[in-house]
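Load the model in a viewer and keep the selection panel open. The stops below are meant to be taken in order.

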Amino acid sequence: MGVKGLQYFMDCCCPEVCVTVNLRDMAEQHVARSPDTAPCSDSTDPTLVVDGMACLRHWYSCKNWVCGGQWREYMDVLQSWVEAFNSAGIRLVFFFDGVVEEQKRKEWVKRRRRVNGEISKIFRYIKAHEEQPGRELFCLPSGLATFTCFALRSFGQEVFCSVQEADYEVASYARQHGSMGILGQDSDFIIYDSVPYLSVAKLRINSLTTVLYDRQRFCRAVGLAVTQLPLLACLLGNDVVSEGQMQHIRNSAVATYRKKSPVPHHGAPQGQMVLAVSQFVSSLWGREEEEPGHILQSMTLSAFHQELLERGICAYLLPGQEGLHRNEVSARPPASAFEKYVSPEILKACREKHVAAEGFMVYGVVCEGVIECSNTLEDEEDTELLPQALVYKPCRQHIYGLLLGHDGSAVDPPAIREWFVYPGNPLKEPDVVHPVSLPCGRPSLDSLWFGTGSNVSALRLTSFLTIFDCQEFSELYGTVDASLLAALCLVTYIVLQVQTVSQEDVDAYLSQVVCLSVKSPQDIRQIKLPFLSSRAVQLGSLYVRGLSHLLGANCASGCPLPNAALMPWHSFDGVLFHSKYLLAHSGTDKTVLLDSDSSCLSLFLHLREKLLETCRKRGRVLQSRPRHSATGQSHKTTTGPRGRERPTGWPSGGGERWKSRGEMTGAPRHGGGWRERAEESREQSDHDNRERLWERGGHRGGEMRGSQHFHHFYPECHGEGPQSTSHRPKQSRGRSYRSRGRYRLAPRWSEPPAPGT
């Protein structure tokens with residue numbers, strides 16, 4: 001949750017609350033004084049309970065973030081972070097958000113809309129400057145929270161996903177197990193009567209020092225008891241009780257405070273607000289042990305506001321703490337409206353896998369009937385590429401059908417409510433999505449999940465591949481690495497769903513996957529991009545979101561592939577993909593695209609042929625549509641934004657966007673249902689313009705009458721310094737690559753398109 005303005009108050013207006021501590025010393029002191037005080041603890045090691053969601057921005061310190069994620073570098077950072085605590089003898093337990101409670105949905109939507117505005121600024125910056133914006137517009141790579149859970153588990157860490165408010169589960173676990181502290185960045189942890197709250201934002205990992213927010217000192221500073229803090233939090237505003245709903249009480253409290261204390265507290269308005277409301281709360285209590293329920297009745301509130309405050313206070317009461325009644329849903333599995341569609345064993349397994357962070361998607365579908373997906377780096381002005389939520393909707397429908405389909409019954413499976421953030425979706429209500437049975441029918445979920453034998457294994461693989469309409473790839477199982485097989489399924493699915501994906505896009509996807517396996521971390525770090533393409537940014541995010549759908553399909557199918565094979569650090573690197581995208585669209589020879597590695601080239605061609613063969617069977621023929629063309633022959637360079645070198649001939653402004661966009665179409669076998677929202681969100685005039693372009697043939701496969709021929713070149717994309725040369729062409733820095741042929745350009749432009757588009 002988070003209390004409005006309280007973190008700022010502690011940091012800036014109440015320095016006595018902030019105590020610098022050394023976690024090594026704190027751990028030693030914790031062990032010395034608590035061998036007998038925490039009998040429920042399952043470990044003798046001092047334990048920090050970590051709010052994983054609050055740590056993501058601090059963990060992802062990689063320089064590049066806009067291209068889809070530097071996943072291998074991120075893994076190294078994450079492992080080093082964990083080892084720093086382990087070397088100090090500190091055990092870590094991680095919690096991540098597993099659900100969005102309906103009472104907090106409005107706040108969730110509000111935040112998602114705000115981030116959408118920031119993402120729009122990111123894409124405008126890329127198209128104007130052809131480079132990544134500064135940290136002020138930083139946005140986490142897609143799927144970071146989901147994949148971080150699996151990363152931490154691979155390091156042997158204990159990870160939990162919440163089944164209710166994650167802050168509550170963090171505070172509850174820490175109190176129950178006598179942990180040494182909670183590491184996070186949420187002022188709610190000062191309100192909960194739990195263990196000490198430690199700041200991850202002020203953590204210095206090398207010295208293991210940070211700031212402890214002392215709850216007792218805070219209470220003395222504001223003149224309240226710990227039991228009175230939940231009411232203070234609700235009156236100030238949190239995710240249960242919005243700031244506006246208690247504005248009248250705060251206004252009255254501030255007016256009274258200023259009459260009694262005319263000298264402002266440190267001159268800070270927020271300092272006055274917290275102290276004024278604290279003074280008001282203190283005045284309500286006749287005695288410290290008085291129950292909050294009696295206090296609320298004395299406040300002459302409307303029935304609505306009293307019930308709202310009761311709910312807000314209950315959210316802070318941990319198991320075993322007295323006060324207003326709390327429905328402790330964490331003590332028992334939630335009742336499911338879908339029980340008649342799955343067996344009790346499936347329900348139990350769904351919950352267990354979810355809590356242990358071993359599954360993805362299935363818990364929300366089977367136990368809640370609702371799933372959500374946060375913001376993705378998608379350009380709302382780019383009408384050519386479908387939003388990821390719509391691209392993967394047919395896939396999700398098949399997952400729902402596999403989980404909830406009911407063979408031999410007249411009862412239709414229930415619809416799932418989807419809260420997916422994408423351009424054109426106002427998020428006023430969830431999208432209602434109906435399950436779709438697999439073409440091969442619905443296999444028994446109990447058999448898929450709990451069955452044994454070779455027949456069951458084959459059925460799992462078939463179910464997984466069918467979700468992505470890639471049944472033919474079963475012959476590759478066991479002959480190529482599982483991560484390559486998964487990547488091939490994903491790229492094939494994208495090609496089938498998005499008609500504007502070109503041969504060059506496929507080459508970029510597949511060459512990146514193949515080359516990543518032979519790249520060292522040093523190789524990847526030395527890749528230098530001449531400029532950024534906003535389209536490549538969106539394609540990178542589309543791929544990473546697809547990996548999470550692979551994970552969901554794998555879980556629903558009984559895990560025919562190891563989940564580890566579906567992790568992005570095995571098949572994706574943002575900068576590497578971006579470099580391959582620019583090379584592929586410049587007409588680079590396939591040998592150069594595959595780093596002059598014969599084995600990589602052979603594997604690439606093999607995978608590409610399998611993809612093309614499958615697409616041809618579905619009536620999808622890939623076309624060549626190179627996006628970037630240089631009009632000059634010279635490979636001299638000019639200075640671009642911030643002193644970067646740019647090949648002569650690239651447009652320098654980057655501000656002129658492509659005006660003609662192809663209409664988005666998907667694979668005909670899935671019908672047009674997934675296109676409805678995208679079509680509804682477009683302006684009719686824009687739609688008519690695109691229709692006229694389409695009728696003239698401007699977007700059919702990238703061909704045009706009287707096509708012009710351009711020479712393509714692409715500068716060496718690696719910087720100076722020592723690097724591996726075993727898989728790279730021996731070319732001097734700055735040397736250009738000419739295309740090995742002629743290309744027809746999709747539609748004719750009055751001037752070459754800006755490279756940032």
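The tour starts with the whole chain and then goes through single sites.

**Whole chain**

Keep in mind throughout that this is a predicted model. Colour the protein chain by secondary structure: there are 29 helices and 12 strands. Now switch to a colouring by accessibility; of the 757 residues, 58% count as buried. For a contact map, take the contacts in the protein chain with a separation of 6 or more: residues 24 or more positions apart account for 76% of them.

**Cysteines**

Select the cysteine sulfurs next. How many disulfides does a search of the whole structure find? The search finds zero. Zoom to Cys161, which is in no disulfide; the nearest cysteine sulfur belongs to Cys149 and is 4.1 Å away. Because the cut-off for a disulfide is a pair of sulfur atoms within 2.5 Å, the 4.1 Å between the sulfurs of Cys161 and Cys149 does not qualify. Cys161 is buried, at a relative accessible area of 11%.

Then go to Cys470, which is also in no disulfide; here the nearest cysteine sulfur is that of Cys489, at 4.6 Å. Cys470 is buried, with 0% relative accessibility.

**Asp469 and Glu130**

Step back to Asp469, in the loop between helix 20 (454-467) and helix 21 (482-497). Most residues other than glycine have a negative phi. Asp469 is not a glycine, yet has a positive phi of about 60 degrees. With a relative accessibility of 13%, Asp469 counts as buried.

A second residue to check for its backbone is Glu130, whose phi is positive and near 60 degrees. Look for Glu130 in the loop between helix 5 (105-129) and helix 6 (144-154). Is Glu130 buried or exposed? Glu130 is buried, and its relative accessible area is 1%.

**His549**

Select helix 24 (residues 534-556) and pick out His549 within it. His549 counts as buried, at 3% relative accessibility. Show the side chains of His549 and Arg396: a polar contact of 3.2 Å joins them. Leaving aside neighbours within four places in sequence, expand the selection to what His549 is in contact with: Met361, Gln388, Tyr392, Cys395, Arg396, Ile399 and Phe468.

**Ser599**

Move to helix 27 (residues 598-617), where Ser599 is found. The side chain of Ser599 makes a polar contact of 2.5 Å with the side chain of Asp597. Put a distance label between the C-alpha atoms of Ser599 and Val514: they are 9.6 Å apart in space, while the two residues are 85 apart in sequence.

**Gln306**

In helix 14 (residues 303-314), select Gln306. Gln306 is buried, with a relative accessible area of 19%. Because buried means under 20%, the 19% of Gln306 falls within that class. Not counting residues up to four places away in sequence, Gln306 touches Leu296, Gln297 and Leu301.

**A cavity**

The last stop is an enclosed space. The count comes to four cavities of 30 Å³ or more. Take the second largest cavity, with a volume of about 80 Å³. Which residues line the second largest cavity? Select Gln70, Arg72, Glu73, Asp76, Pro521, Ile524, Arg525 and Asp573 to see the lining. Helix 4 (71-86) and helix 23 (521-525) are the elements that give two or more residues to this lining. Colour the lining by class to find two nonpolar, one polar and five charged residues.

Terms used
Residues are numbered from 1 along each chain as its sequence is written. This is a predicted model: local features need pLDDT of at least 70, side-chain atom pairs count only at pLDDT 80 or more; totals for chains, interfaces and linings use all residues. Side-chain values use heavy atoms; hydrogens and water are left out. Buried means under 20% relative accessible area, exposed over 50%, partly exposed in between (1.4 Å probe, protein chains only). On a 1 Å grid over the protein atoms alone, a cavity is a set of points where a 1.4 Å probe fits but cannot get out, and a pocket is an open set with protein on both sides within 12 Å along at least five of seven lines; lining residues have an atom within 4 Å of a point. Grid points are joined across faces, edges and corners, and a volume is the space filled by probe spheres set on the points. Helices (H or I, at least four residues) and strands (E, at least two) are DSSP runs, numbered from the N terminus. Ala, Val, Leu, Ile, Met, Phe, Trp, Tyr, Cys and Pro count as nonpolar, Asp, Glu, Lys and Arg as charged, and the others, Gly among them, as polar. A polar contact is a pair of N or O atoms within 3.5 Å; within protein, one must be able to donate a hydrogen and the other to accept it, and residues adjacent in sequence count only if both atoms are side-chain atoms. Contact means heavy atoms within 4.5 Å.
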